[in-house]
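Colleague: I have a few minutes before my next job starts, could you walk me through this model?
Modeller: Gladly, let us put it on the screen and take it topic by topic.

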Amino acid sequence: MASNARLDHRNPLVIDTHELGRRPGAMQRLTREVDAPRDLGIEGVIGVPEGAPMELDLRLESVMEGVLVTGTARASAKGECVRCLEPVGLELEADFQEMFSYPDADDRGRVIAEPGDDAEDDEDRLYIEDGLIDLEPVLRDAVVLALPMQPVCQDDCAGLCSECGARLTDDPDHHHDAVDIRWAALQGLAGSLEDGEKDEMSGAEAGVDEKQEK
């Protein structure tokens, strides 16, 4: 059983459901602006910076087995382009819906003696503790799903030159003359032969000139 232990009601991501009550059909709407927790996103790729403002629109519905939370989180995410490593920023909108179960009820709303006694109880289920629910794990999952796994600065980003690291989008005509190392060796040998032939010809011409002078 996933238990929300020691929840702090002062945490802006912890929601108090006491006002909603346990009457099925009751509903409550909430709007909050909170500071983003740390490591909210895809590590090393893109995410919402710690402390950045996040807007939460929430709807809480009381049902037989607990409280159904439906919401949308909005924030600005930052990262870097996976092709050219330039900074990337985007406006994030992540939708989520999660059931928070009463610890004393099964999935049919029936009261049970001890939470978790049911062999079919889902270990990943989230629970209400003393009327409080923690949105942080739900928010983390929603943000990760809403973010691009491979962010790019623009759809047609050409990336970086593999030889010099130049950004190809800035210089579409950028290129390097590729020389096969095998041909380069032959070209070097040919150059040496040409230099040798020139030296021999120069020597021969010098000999002819000396004979003519005599």
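**Walking through the model**

Modeller: The protein chain has two helices and nine strands, and please keep in mind throughout that this is a predicted model.

Colleague: What pattern does the protein chain follow, read along the sequence?
Modeller: Read in that direction, the pattern is β-β-β-β-β-β-β-β-β-α-α.

Colleague: And how many residues of the protein chain are there, and what share counts as buried?
Modeller: There are 214 residues in the protein chain, and 30% of them count as buried. As for the contacts, if you take those between residues at least 6 apart in sequence, 63% join residues at least 24 apart.

Colleague: OK, the core then. Which residues of the largest nonpolar core touch the most other members?
Modeller: That core holds 34 residues, and the ones touching the most other members are Val48, Met54, Val69, Phe96, Phe100 and Leu139. At least two core residues each are supplied by strands E3 (40-42), E4 (46-48), E5 (53-62), E6 (66-80) and E7 (87-101), and by helix H1 (136-146). The largest share, five residues, comes from E6.

Colleague: Let me pick Leu139 from that list. Where does Leu139 lie, and is Leu139 buried or exposed?
Modeller: Leu139 lies in helix H1, and with a relative accessibility of 3% Leu139 counts as buried, because the cut-off for buried is under 20%.

Colleague: Which residues does Leu139 touch?
Modeller: Not counting residues up to four places away in sequence, Leu139 touches Leu13, Leu40, Met54, Leu56, Ala73 and Phe96. Measuring by C-alpha positions in the model, Leu139 and Pro37 are 9.9 Å apart in space, although they are 102 residues apart in sequence.

Colleague: Changing topic, where is there open space? How much lies in the largest pocket?
Modeller: The largest pocket holds about 180 Å³ of space. Its lining is made by 13 residues, and those nearest the centre of the pocket are Phe96, Glu98, Val138, Asp141 and Ala142.

Colleague: Which elements give two or more residues to that lining?
Modeller: Those are E7 and H1, and H1 gives the most, with six residues. Phe96, then, belongs both to the residues nearest the centre of this pocket and to the core residues that touch the most other members.

Colleague: How many nonpolar, polar and charged residues does the lining have?
Modeller: By class, the lining of the largest pocket has eight nonpolar residues, four charged ones and one polar one.

Colleague: Next, cysteines. How many disulfides does a search of the whole structure find?
Modeller: The search finds zero disulfides. Cys153 is in none, and the nearest cysteine sulfur to its own, that of Cys84, is 3.6 Å away.

Colleague: Why is there no bond from Cys157 to the closest cysteine sulfur?
Modeller: The closest one is in Cys153, and the sulfur of Cys157 is 3.7 Å from it, which is too far for a bond, because a disulfide needs the two sulfur atoms within 2.5 Å. In terms of accessibility, Cys157 is buried, at a relative accessible area of 6%, whereas Cys153 is partly exposed, at 30%.

Colleague: Any backbone oddities? Which residue other than glycine has a positive phi of about 55 degrees?
Modeller: That is Asp39, which sits in the loop between E2 and E3 and is exposed, with a relative accessible area of 61%. Leu85 also has a positive phi without being a glycine, with a value near 70 degrees, and Leu85 is placed in the loop between E6 and E7.

Colleague: And Gln28, what is its place, and what is Gln28 in contact with?
Modeller: Gln28 is in strand E2 (residues 27-35), and at 14% relative accessibility Gln28 counts as buried. Leaving aside neighbours within four places in sequence, the contacts of Gln28 are with Glu19, Leu20, Leu58, Arg59 and Leu60.

Colleague: Last one, where does Gly21 lie, and which residues does Gly21 touch?
Modeller: Gly21 lies in the loop between strand E1 (14-16) and E2, and counts as partly exposed at 26% relative accessibility. Apart from residues up to four places away in sequence, Gly21 touches Ser62 and Tyr102. Gly21 and Ser62 are 41 residues apart in sequence, while their C-alpha atoms are 7.3 Å apart in space.

Terms used: Residues are numbered from 1 along each chain as its sequence is written. This is a predicted model: local features need pLDDT of at least 70, side-chain atom pairs count only at pLDDT 80 or more; totals for chains, interfaces and linings use all residues. Side-chain values use heavy atoms; hydrogens and water are left out. A nonpolar core is a set of buried Ala, Val, Leu, Ile, Met, Phe, Trp, Tyr and Cys residues joined through side-chain atoms within 4.5 Å. Buried means under 20% relative accessible area, exposed over 50%, partly exposed in between (1.4 Å probe, protein chains only). Helices (H or I, at least four residues) and strands (E, at least two) are DSSP runs, numbered from the N terminus. Contact means heavy atoms within 4.5 Å. On a 1 Å grid over the protein atoms alone, a cavity is a set of points where a 1.4 Å probe fits but cannot get out, and a pocket is an open set with protein on both sides within 12 Å along at least five of seven lines; lining residues have an atom within 4 Å of a point. Grid points are joined across faces, edges and corners, and a volume is the space filled by probe spheres set on the points. Ala, Val, Leu, Ile, Met, Phe, Trp, Tyr, Cys and Pro count as nonpolar, Asp, Glu, Lys and Arg as charged, and the others, Gly among them, as polar.
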